[in-house]
Each structure stands twice: as C-alpha cells, then as structure tokens.
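Dear colleague,

Please find below the structure I wished to pass on to you, together with its sequence. My notes on it follow.

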Amino acid sequence: MGKTIKLIKNRSDIGAGTRGSDLGIDAIEIAAINQDSDYFNQFEFEDVRTHNESIYDKNRSSSAKRIEHVVEQCTRVCNAVKKNLEGNYFPIVLSGDHSSALGTLSGIKAAYPEQNIGVFWIDAHADLHSPYTSPSGNIHGMPLSAALADDNLSCQNNDVAPETQQHWEDMKNIGYKGPKVLAENLIYFGVRDTEEEEDKQIEKLRIKNYKVDEVRFRGLQKCVSEALTKVAHCEVLYISFDVDSMDCDMISYGTGTPVPKGFDQYEIIAMINQIIQTKKVVCIEFVEINPLLDTKGNKMAETAFEVLEAITSELSVPIE
C-alpha cells in the first residue's frame, strides 16, 4: 500500500547562528505562488509549534546555545515525524535550521526501532560537532553528533557546564534511547567545509564523503549506486538536504553558511530521485533556506522549490 505525502512545516531557526531560516518555508511557498503552482494545496500539512522567541533569551551556554529550547523543538519534530510515519504518511519535512534533523531522525528511529536507518546527508558541512568541540556553540552544527551519540571527547576544546551536559544527554535520547544511526550507515554528499575536529571524526568513524569533484569525475549515478550498496542492509532510508550543498555562486547566497563549489540543482534532483527509486526512503527533509541573506531576490527558495517539485514527482510512484 502506498503512502500519502504529508508536509511537516518546522519554522524554527534557534539552532543557527544567523536569523532568518525560519522564513525559508514561507519563501518556498512564495516561490510556488509566483510560478502559479498549486503544490502547497495538493498535500496535507502540519505546522510544528516553535520556540523562536527564545532568541531573545540570554544564552546560558556558550558551548551549545539555546540547547534547552532546541531539545524541546527536536522533541516536537520527533513526535510529528513518528506520528505521521505510524499513520502511513510519507513526511516531507520543511525546516529552518539543520538542528531539526536530529528531531526527524529521532522520529524515524522511534517509528522503526528495530530497523537500520541509512542516512544520506547532502550538505556542505559535516555537522559532527558536539558541545565539547563546537567553535561557535550553534547546534545546527551538531545534529549528527547527537544522532550518532558520539561526543568526540578526544578533540574536546570546551568546558561544558553540568546543566548543558544534561540537556545534551537529553538531546541524544529523544524518541529512542541511544544512537539513531550507525556511522557505517551514514553517507555524505558534498561536504567540503569542515573543522579539524570533524575531520578526525570522519576519519575515525570511516564515514564516506562523496565530494563534488569525485561525483563529477566518476559519475553521479555510479557514486549514488555505490553509496546505496553500502547501505543495502538498511531497511529504511532518510535524506537530509541542506541547500548549502549547492554552489552559492551559481545558485544564491540565501543560506546561513554558504560555500562555493557545490552541486547544482539538477545534480541534487538526480541524486535524490535515484535514492527514492530504492523504495526504501521514508522521509526527506529540506533545511537552511534563508531569504534574508538572498542577494538574488528569492532565488534560493525558487531553486529549492524546483528540487521539491521534481522529487515529489518521483515520490508519486507508490512507496512499498
């Protein structure tokens, strides 16, 4: 039996260092309206309550800013994803900053506790920091560390207050106690802006990163096929698409942490659609569209909507 698509709208940017990604969903909807598309009238949707007012609070933790509120937000996302998966929906999660992915992954693991989750992380950044290593304290750089339940203490730079440590432990155990994904089941596409602490984690955990140059040299279809073989034992797959995986010079600077020399939207579409064709994908997430930083009008949101429409067409094939 096929699944019905449900749009989960999570307008939260409290895990980021720059404000504005909470407006990304509205920017995508405006892009659709300007293209005379009725996309957002075609599907049921759910709005996740947010905690954006917490940006006015004084940060109590410099190593994990607003962590107590990010835990609450990720818990809300987790509950929404879990409920919709159990209700036989296919969630397309439209989020602000990338800290939300920890909530999404937690919801998937809560819905499929006995199954292996394969994660395709399409991003310019590794998002492998923890409060113990983060140079910024912004939690959108930490979701995979929490999902892997690996603090990278061998690279510790920060003294972390006991209260923050407790919130971090709570974060790692949202929805399901322990890791949501194993390192061997995590695959990067496009990661090219990392810190030394993350590089050491990637090496230690042997996480495969298909860089842009490799994908173009060896061929996109071949690289994706190889990646799918690596996670062939995984019963369910999740795709996390951060728009900064795309080339900011070619597309737009409308994202919080733009990085040059990324993919174009056609490569992203081909990549995601090939993964969808496995019939194992249970959830897809779009993050980090920031219209306040866009120097080309609403170009990043327009490009993200182009990807969204294209991959939704592929999803219209019944999911087994």
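I begin with strand 4, where both faces are covered: I117, V119 and W121 lie on one side, G118, F120 and I122 lie on the other, and all of them are buried. Please bear in mind that this is a predicted model. Strand 4 spans residues 117-122, and 6 of its 6 residues are buried.

Strand 4 pairs with two other strands, as follows.

- Strand 7 (residues 236-242) runs parallel to strand 4 and is joined to it by 6 bridges. Within this pairing, W121 stands opposite S240 of strand 7.
- Strand 5 (residues 186-189) is also parallel to strand 4, and 4 bridges join the two. Here V119 has L186 of strand 5 as its bridge partner.

W121 and V119 thus each have a partner in a neighbouring strand, S240 for W121 and L186 for V119, while both residues belong to one face of strand 4.

A second site that I examined is D13. This residue sits in the loop that connects strand 1 (4-10) with helix 1 (24-34). Is D13 buried or exposed? Its relative accessible area is 2%, and the limit for a buried residue is under 20%, so D13 counts as buried. Beyond its neighbours within four places in sequence, D13 is in contact with T18, R19, G20, S21 and D22, and also with N52, I55 and D97.

Turning to the chain as a whole, the protein has 11 helices and 8 strands. How does its radius of gyration relate to that of a compact globule? For 320 residues a compact globule would have a value near 20 Å, and the protein chain has 18 Å, so the two agree. Its C-alpha atoms fill a box of roughly 50 × 40 × 40 Å along the principal axes.

Of the 320 residues in the protein chain, 61% are buried. Among contacts with a separation of 6 or more, 78% are between residues 24 or more positions apart.

As to the surface, the accessible area of the protein chain is about 12600 Å², and carbon and sulfur atoms contribute 48% of this. The chain carries 32 positive and 50 negative charges, and the mean positions of these two groups are 4 Å apart.

With kind regards

How values were computed:
Residues numbered from 1 in each chain as written. Predicted model: local features only at pLDDT ≥ 70, side-chain atom pairs only at ≥ 80, totals over all residues. Heavy atoms only, no water. Helix = DSSP H or I, 4+ residues; strand = E, 2+ residues; numbered from the N terminus. Rg over C-alpha atoms; globule rule 2.2 N^0.38 Å. Buried < 20%, exposed > 50% of the residue type's maximum accessible area, 1.4 Å probe, protein only. Contact = heavy atoms within 4.5 Å. Areas by Shrake-Rupley, 256 points an atom, 1.4 Å probe, with all protein chains shown as cover. Lys, Arg positive; Asp, Glu negative; His and termini not counted. Charge placed at Lys NZ, Arg CZ, Asp CG, Glu CD. Pairing = 2+ DSSP bridges.
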